[in-house]
Amino acid sequence: MAEFLDLETQDAVRMPWNVLPGTKQEAAQCVIPISAIYTPIKPLPNTTPLLPYSPLRCRNCRSVLNPFSIVDFSTKIWICSFCLHRNHFPLQYQQSISEDNLPAELFHQYTTIEYEPQNERPTSQVIPQVFFFVVDTCMIEEEIGYLRSGLSRVIGEIPENSLVGLITFGRYVCVHELGFFGKIPKVYVFNGTKEITKDQVLEQMGFFLKKPRPATGVVAGVRDGLSQESISRFLLPAAECEFALNSVLDELQKDPWPVPADQRAPRCTGTALTVAAHLLGVCVPGSGARIMAFLGGPATEGPGSIVSKALSEPIRSHKDLDKDDAPYFHKAVKLYEGLTKQLIHQGHVLDVFACALDQVGVAELKIAVEKTGGLVVLAESFGHSVFKDSLLRVFQSGDNDLGLSSNGIFEVNFSKDIKIQGVLGPCASLEKKGPLCSDTTIGQGGTTAWKMCGLDKSTSLCLIFDIVKKENPDIGYECIWLASGTSIDLLHIICSSYQHSNGQMRLRATTLSRRWVTGPEKIQASLFDLIAGFDQEAAAVVMGRLVSFKMETEAEFDPIRWLDKSLIHLCSRFGDYQKDSPSSFVLSPRLAIIPQFVFNLRRSQFVQVFNNSPDETAYFRMVMNRENVANSVVMIQPSLISYAFNSGAEPALLDVASIAADRILLLDSYFTVVVFAQLLQAPLDDANAIVKERFPVPRVVICDQHGSQARFLLAKLNPSATYNSDAPPTPGGDVLFTDDVSFEIFLDHLQRLAVQ
């Protein structure tokens, strides 16, 4: 496992198969697809330089000069490792390049390198970050007080040059004019029951009172028809509008529209987000602005409603969605699909902070949040630490900052024997079709380029590849993105350009090399090599993303059956056993933990929707689909640490047998951190350390055995001792009241089926 972590440190890539099958048939027999989980702006090692110039690209295929390129120092020519095109070095390279004086991008240890071209954009033209707050006021006064407190807490943390705007909404949408500069503050009001167009926003908000509107063209920012003065009424630098913003928040009150006792509050979430998108599209297109929506309940008014105002009608459940008995769902999703296209075109991001005991519509908003790379936080109240601390983390600077970036473009290039099926993660297709696109599509497929409107340090994409070679090659070794002499194959490069949080554009190029194995004549050797390069953690995360995607897109899909069949085929293919002899079944240490991962994935909230609302399920899946391998593994299989009075912390089995009278347990399931039987300071300190470095901030639960909140721990443990067990529990131990099978029974069935 250590070598895979080293590769991730260098290239920000984890692959389930680090030795690749040579043909399409062999790839299909590997069960888990040939794939990679890539974190585009993961911090690089301190030894990796940031190059202050633009990358050198191939004139034919646009690939970037990399350590696998072939260089002819005598003629000052480099040969592209993908298309073999011969390229001349520019003058600045020719003057100094030699075998003893290489540019950094040709160093073999810099397979991932980052560029920040200087002087391409003057400091005065650097586009500042934009934060547009969209605040729900249809809540009780107590919740509004919590939200007001949370927003006031972060206003001082917003960078001074960042632009800030504010919309509040209830029955109506209110756009607040923050740049009134001593005059009477104004509020522009839109009817929440109607669809609002961009032209209506321009007209009603008086953008052309002092300046005639251009007769032709699209109105978008200062360059295309708007005056800076008109924009500054609604979007002001944080340093200039702090007083105005605090004044509006101090006077924030519950929506005055009367609500009958048997009805829900009229809340026009869809219209509010539409107006925000139109306003940002008019004022700051292409800026990487973030719409930060703070929602305290379900949308009941106008476009995007998810339920009627009558309290007698329940909000849609998973059962309703399965039976297609959710009349508002598809209309709301259609609205947000249109909003998503608009935001992607404008380069803007939608973040959702949903804090309510009821559902607010996260399931409908999922497409907009995910495709724009937005953040999502789900909590029970705006007063909960999950919301308050998560919001603060967005604006914090320092070691634990999120590294929010924007306007990302993600591209891939391959050699002839590999294609891209698609990407699972927070991005949107740019519809760049070509010969590298596979006929089979998964997720965002049919393209070799994707847009990432918003991304941060841990944002990760899952790339699914397709091996297209149908016959066994003559050579026994190739690589992904490898050029060696005259043999070039299975080579791909990932280029990510993005706007860094400092406002400058950067480009990161990653070039990977992997070995591949061949042929039926060397089946046993091939299996051994494939197993040696198997990354169990990456495989579990890929399966988690795949099963979540299939559950959302395939009708009548049975996730448990799919996971079980995949695991059985994997063990049957790579296990060591005698046919029809379960007792002889042995898995290599490289594969030994994958059954455990699948067992816990079957029981996880990503697969089991019972007792979870559609909003909660959408939230869990969105977070897993954007996180890196280390965080995703904790979501699938929580970590359990045991503390004792006479010894330090040590890992414990995720099993009910780990509960003992002399142990304190710390469970980390990513969304929840549980301190069980809190008698020592060490587990509390470790829990606080986890909270400080994680986003969304997890819920911390401190409980005792047999207490009601002990359920957060018990629900994650392997039920090796239940109320049906013959053996009594150990003194101080516990039993689980469940009919779920234990891991031991699961493994026994797996062995019997794998050897058939």
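**View 1. The second largest pocket has a volume of about 1,400 Å³.** Everything shown here and below comes from a predicted model. The lining of this pocket counts 41 residues, and those closest to the pocket centre are Phe549, Met551, Glu552, Thr553 and Arg621. By type, the lining splits into 18 nonpolar, nine polar and 14 charged residues. Several elements chip in with at least two lining residues each: the helices α9 (318–322), α10, α11 (362–371), α14 (536–553) and α17 (614–624), plus the strand β18. Two of these, α10 and β18, get views of their own below.

**View 2. Helix α10 runs over residues 329–346.** With 18 residues at 1.5 Å a residue, α10 should span 26 Å, and its end C-alpha atoms are indeed 26 Å apart, so the expected and modelled spans agree. Which residues of α10 are buried? They are Phe329, Ala332, Val333, Tyr336, Leu339, Thr340, Gln342, Leu343, Ile344 and Gln346. When you look for a pattern in that list, keep in mind that residues three or four places apart on an α-helix point the same way, because there are 3.6 residues a turn. Right after α10 comes Gly347, with a positive phi near 80°.

**View 3. Four strands make an open, antiparallel sheet.** Reading across, the order is β1-β3-β21-β18. At the edges sit β1 (13–14) and β18 (418–424), each with a pairing on one side only. Strands in a sheet are held in pairs through backbone hydrogen bonds. Zoom in on β3 (residues 35–38) and β21 (residues 461–467) and you'll find four bridges between them, in the antiparallel sense. For a handy landmark, look for Ala36, which stands opposite Leu463 of β21.

**View 4. A hairpin links β29 to β30.** How many residues does the hairpin use to join the two strands? Just two residues connect β29 to β30. Strand β29 covers residues 639–644 and strand β30 covers residues 647–651; they run antiparallel and are joined by three bridges. Here the pair to spot is Ile641 and Pro651, with Pro651 sitting in β30 opposite Ile641.

**View 5. Residues 535–633 carry a UniProt annotation.** The unreviewed entry labels this stretch "domain: Sec23/Sec24 helical". In the model, the chain over residues 535–633 is 61% helix and 9% strand. The end C-alpha atoms of the stretch are 12 Å apart.

Definitions and conventions. Residues are numbered from 1 along each chain as its sequence is written. This is a predicted model: local features need pLDDT of at least 70, side-chain atom pairs count only at pLDDT 80 or more; totals for chains, interfaces and linings use all residues. Side-chain values use heavy atoms; hydrogens and water are left out. Two strands pair if DSSP finds at least two bridges between them. UniProt positions are given in the numbering used here, feature names are shortened, and annotations may be inferred rather than shown by experiment. The expected span of a helix is 1.5 Å times one less than its number of residues. Buried means under 20% relative accessible area, exposed over 50%, partly exposed in between (1.4 Å probe, protein chains only). On a 1 Å grid over the protein atoms alone, a cavity is a set of points where a 1.4 Å probe fits but cannot get out, and a pocket is an open set with protein on both sides within 12 Å along at least five of seven lines; lining residues have an atom within 4 Å of a point. Grid points are joined across faces, edges and corners, and a volume is the space filled by probe spheres set on the points. Ala, Val, Leu, Ile, Met, Phe, Trp, Tyr, Cys and Pro count as nonpolar, Asp, Glu, Lys and Arg as charged, and the others, Gly among them, as polar.
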